[in-house]
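These are my notebook entries on a single structure. I recorded each item as I looked it up.

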Amino acid sequence: MNQIGGEAGLKKSALRKMLRRRRNALDRAHQAQAADDLAAQLQSLPAFRRSESIALYLASDGEIDPGKALDWSLAHGKRCYAPVIIAAKKNALRFAEITAHTQFHDNRFGIAEPLVDAEQLIDARELDLALLPLVGFDRHGNRIGMGGGFYDTTFAYKKTNPAKSPRLVGLAHEMQRVEKIDAENWDIPITAVVTDRGIYECA
């Protein structure tokens with residue numbers, strides 16, 4: 001299953017719902033193979049190989065799973081982090097390091113987060129690379145997220161200075177690619193999208 005056709009004219013909310021439904025329909029075997037293929041694609045991405053500190057999400061809701069990429073990163077001495085929602089600041093994330101001893105709990109959305117003290121969290125600017133989950137994307141790097149605005153809020157400082165750390169790369173199943181997505185004023189540009197089938201460099 002590749003690019004979705006017939007999405008022209010759909011409102012973003014309807015497109016988000018359709019794409020979430022389709023990725024949730026992927027069976028366990030497909031998801032496992034996609035995770036393997038995604039890790040292989042990431043290993044061919046120079047920005048991924050060069051980065052020493054990487055943020056990855058913990059997959060839910062049918063998202064492509066970066067877990068194999070996490071395993072590879074830890075085995076190669078990289079420091080890996082997962083996002084944590086900051087209750088005191090609406091729609092903002094900080095990042096907790098993942099180690100062999102990290103314990104997890106579910107946040108208010110039922111998504112696993114590292115269970116750490118606040119002083120152990122780092123700011124986004126301390127990362128070299130952040131791998132973001134996508135609901136949908138097009139070849140130009142326009143994207144649809146879950147609609148909560150957490151990543152846009154967290155990386156809002158990159159709107160005026162995209163060169164600031166970290167480099168942002170989206171991850172998705174290839175079947176989440178659509179023909180065209182209209183960018184919003186608050187969208188933060190990403191530099192590439194990596195799927196289980198390939199890498200899309202973004203202007």
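**Entry 1: Asp138**

Between which two strands is the loop that holds Asp138? I found Asp138 in the loop between strand 7 (136-137) and strand 8 (143-144). I note at the outset that the model is a predicted one.

I then looked for a charged partner of Asp138. Asp138 is buried, yet it has no salt bridge. The nearest side chain of opposite charge belongs to Lys180, and it is 6.3 Å away. A salt bridge requires the nitrogen and the carboxyl oxygen to be within 4 Å.

Next I looked up what the side chain of Asp138 does reach. I found the backbone nitrogen of Asn142 at 3.0 Å from it. The side chain also reaches the backbone nitrogen of Ile181, at 2.9 Å. Leaving aside neighbours within four places in sequence, I listed the contacts of Asp138 as Val178, Glu179, Lys180 and Ile181.

**Entry 2: the sheet**

I turned to the strands. Seven of them form an open sheet, with mixed pairing, in the order 3-2-1-6-9-10-11. Strand 3 (93-98) and strand 11 (199-201) stand at the edges; each has a single partner strand, so one side of each is left without a neighbour in the sheet. From one strand to the next, the twist averages 25°.

I examined one pairing in detail. Strand 1 (residues 53-55) and strand 6 (residues 129-133) run parallel and are joined by two bridges. Which residue of strand 6 is the bridge partner of Ile54? I recorded Leu129 as that partner.

Two helices were then looked up against the sheet. Helix 2 (residues 28-43) packs on the sheet and touches strand 6, strand 9 (167-171), strand 10 (192-194) and strand 11. The direction of helix 2 makes about 140° with that of strand 10. Helix 4 (residues 67-75) also packs on the sheet, where it touches strand 1, strand 2 (79-85) and strand 3. The direction of helix 4 makes about 135° with that of strand 2.

**Entry 3: Leu42**

I chose a residue of helix 2, namely Leu42. Is Leu42 buried or exposed? Its relative accessible area is 0%, so I entered Leu42 as buried. Not counting residues up to four places away in sequence, Leu42 touches Phe48, Ala69, Leu131, Leu171 and Val194. I also looked up a distance from Leu42 to His30, which is twelve residues apart from it along the chain: their C-alpha atoms are separated by 18 Å.

**Entry 4: Thr195 and Glu174**

Thr195 has its place in the loop between strand 10 and strand 11. With 0% relative accessibility, Thr195 counts as buried. I found a polar contact of 2.7 Å between the side chains of Thr195 and Glu174. A polar atom of the Thr195 side chain also lies 2.9 Å from the backbone nitrogen of Arg197. Beyond residues up to four places away in sequence, Thr195 touches several others, among them Leu38, Gln41, Phe137 and Tyr200.

I followed Glu174 further. The side chain of Glu174 meets that of Arg177 in a salt bridge of 3.1 Å, N to O. Glu174 counts as buried at 5% relative accessibility, and Arg177 counts as buried at 9%.

**Entry 5: salt bridges**

How many salt bridges does a search of the whole structure find? I recorded ten. Side chains of opposite charge can pair when their charged atoms come close.

In one salt bridge, the side chains of Arg23 and Asp61 meet at 2.9 Å, N to O. Arg23 lies in helix 1 (residues 12-24) and Asp61 in the loop between strand 1 and helix 4, so the pair ties together parts that are 38 residues apart in sequence. I compared the accessibility of the two partners. Arg23 is buried, with a relative accessible area of 1%, whereas Asp61 counts as partly exposed at 24%. I also noted a network of salt bridges that links Arg20, Arg23 and Asp61.

My last item was the pair Asp152 and Arg143, whose side chains meet in a salt bridge of 2.5 Å, N to O. Asp152 is buried, with a relative accessible area of 14%. Arg143 likewise counts as buried, at 11% relative accessibility.

How values were computed: Residues numbered from 1 in each chain as written. Predicted model: local features only at pLDDT ≥ 70, side-chain atom pairs only at ≥ 80, totals over all residues. Heavy atoms only, no water. Pairing = 2+ DSSP bridges. Helix = DSSP H or I, 4+ residues; strand = E, 2+ residues; numbered from the N terminus. Axes fitted to C-alpha atoms, helices over the stretch in contact; angles between N-to-C directions. Contact = heavy atoms within 4.5 Å. Buried < 20%, exposed > 50% of the residue type's maximum accessible area, 1.4 Å probe, protein only. Lys, Arg positive; Asp, Glu negative; His and termini not counted. Polar contact = N/O pair within 3.5 Å; in protein donor to acceptor, adjacent residues only side chain to side chain.
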